[in-house]
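Got a two-chain model to poke at? Let's go through it by question and answer.

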Amino acid sequence: MVVSNLQQQRLVTEQLRREAAIKRMPVSLAVKDIIKYITEHEQDDCLLVGFSSQRVNPFREKTPFF
Amino acid sequence: MPPKSDPELTALRKELEELYKNLQEEQKKYQDGTLQELCESVGPAPKVRLTTRKLMKGHLNKVNSVHYSGDSRHCVTGSLDGKLIIWDTYTGNKMQIIPLRSAWVMSVAYSNSGNLVACGGMDNMCTVYDLNNKDANGVAKMVRELAGYDGFLSSCRFLNDKTIITGSGDMKICKWDLETGRKISDFIAHNGDVVSISLSPDGNSFITGSVDKTCRLWDVREEKPKQTFFGHDADVNSVCFHPSGYAFATGSEDKSARMFDIRSDQQIAVYKPPSQNSGFTSCGLSLSGRILFCGSDDNNIHMWDSLKNQHNGKN
């Protein structure tokens, strides 16, 4: 990190000390929650499951009779 | 004679290096698996072929920025042709066209409510328009011109109809009160241009990406970052919060996309296409967070199953 003077350097060090002190969670537990969220919302994600019929796709081509 | 502060500066620098090394060791302690390994038992992502549903023509020059309204139907685009266009993406129709004072627009934002749009760029300003308040010609009125930046406006996001945050080339984040037109706060956010901002789903925090290769997590009420994420080897060009709020994705000049997890405070995945030719300029996640999309300098959109780290193809 490039810092131009003593005061700035002190601030950078203080900030890093603050960040180093935070509580962390093991990656395995954190990822469990991500997987859970994705699985729960999979059915709403039309880029994954598509549309039950094109009539419910809001982006479909619309005919003049619609 | 060397300056008197030198020994202290040297000592501080050494402390910084030590702190950084300790931080990395701490993070490693919590790395009890990679995202890919931990998702081995997850079923494969269903394969859906992507089709272009709408080709929205209208701009006469590069489109630099796009942002959707909270209704997931309307979006605003900003182009070097000096115009903002508000589109109804269900029909492909143009709802409004707003001519800009400066053609050098680099970033646009749509408020969640759909009432306001903002834009800015090389004019070093952020201009806000009220889509419901039109002038005699039927063009949305400019309601705020937010000036005072020492660099180009690279990114902007409405926290709500009364507040906007911006990232700029002067390495700062600024927060503005739109009712008074006054700056609420401004602070140095990175060691380089701030290029991208992504709001958390709950609106309480945001991620910034910078040319200093890092991303930072901020609480909207505070001026000091909560966490800094290292990993990229070059400019981070785009950041996108995961819909779960637990993680975020990034696209970078270093030709990779990555996933960072907030609670374990580290990078959990690196995504690369089969042939790594170009940097990624934008990124986004599907509604569930399963699919990662990145726009690339190779004129393609690359897609990955974010959990199994499988490149799904390109368009």
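Two strands pair if DSSP finds at least two bridges between them; strands (E, at least two residues) and helices (H or I, at least four) are DSSP runs, numbered from the N terminus.

Reader: How many bridges join β5(B) to strand β6 of chain B?
Author: This is a predicted model, where local features need pLDDT of at least 70, side-chain atom pairs count only at pLDDT 80 or more, and totals for chains, interfaces and linings use all residues. Strand β6 covers residues 116-121 and runs antiparallel to β5(B). One bridge puts V108(B) opposite C119(B). The number of bridges joining the two strands is five.

Reader: Which strands are the edges of the open sheet in chain B?
Author: The sheet has four strands in the order β5-β6-β7-β8, with antiparallel pairing. An edge strand here pairs on one side only, and that picks out β5 (105-110) and β8 (140-146) of chain B.
As for the twist, it's an average over neighbouring strands with direction ignored, using axes fitted to C-alpha atoms. That average is 25 degrees.

Reader: What is the mean pLDDT of chain B?
Author: pLDDT is the predictor's confidence in each residue, from 0 to 100. In chain B, 98% of the residues reach 70 or more. For the whole model, the scores are ipTM 0.91 and pTM 0.93. The chain B mean is 94.

Reader: What area do chain A and chain B bury between them?
Author: Counting contact as heavy atoms within 4.5 Å, 44 residues of chain A touch 56 residues of chain B. Buried area is the accessible area (1.4 Å probe) that two parts lose on being put together, summed over both. Carbon and sulfur atoms carry 66% of it, and the total is about 4,500 Å².

Reader: How many salt bridges are there between chain A and chain B?
Author: The cut-off is a side-chain nitrogen of Lys or Arg within 4 Å of a carboxyl oxygen of Asp or Glu. D33(A) with R263(B) makes the cut, the closest N and O atoms being 2.9 Å apart. The count between the chains is six.

Reader: Which elements of chain A give two or more residues to the side that touches chain B?
Author: Helices and strands are both candidates under the DSSP runs above. The ones that qualify are α1 (6-20), α2 (27-41) and α3 (46-49) of chain A.

Reader: Which residue of chain B does P58(A) touch?
Author: P58(A) sits in the segment after α3 of chain A. From A20(A), P58(A) is 38 residues away in sequence and 47 Å away in space, C-alpha to C-alpha. Leaving out residues up to four places away in sequence, P58(A) touches F51(A) and, in chain B, Y90(B).

Definitions and conventions:
Residues numbered from 1 in each chain as written. Chains lettered and ligands numbered in written order. Heavy atoms only, no water. Axes fitted to C-alpha atoms, helices over the stretch in contact; angles between N-to-C directions.
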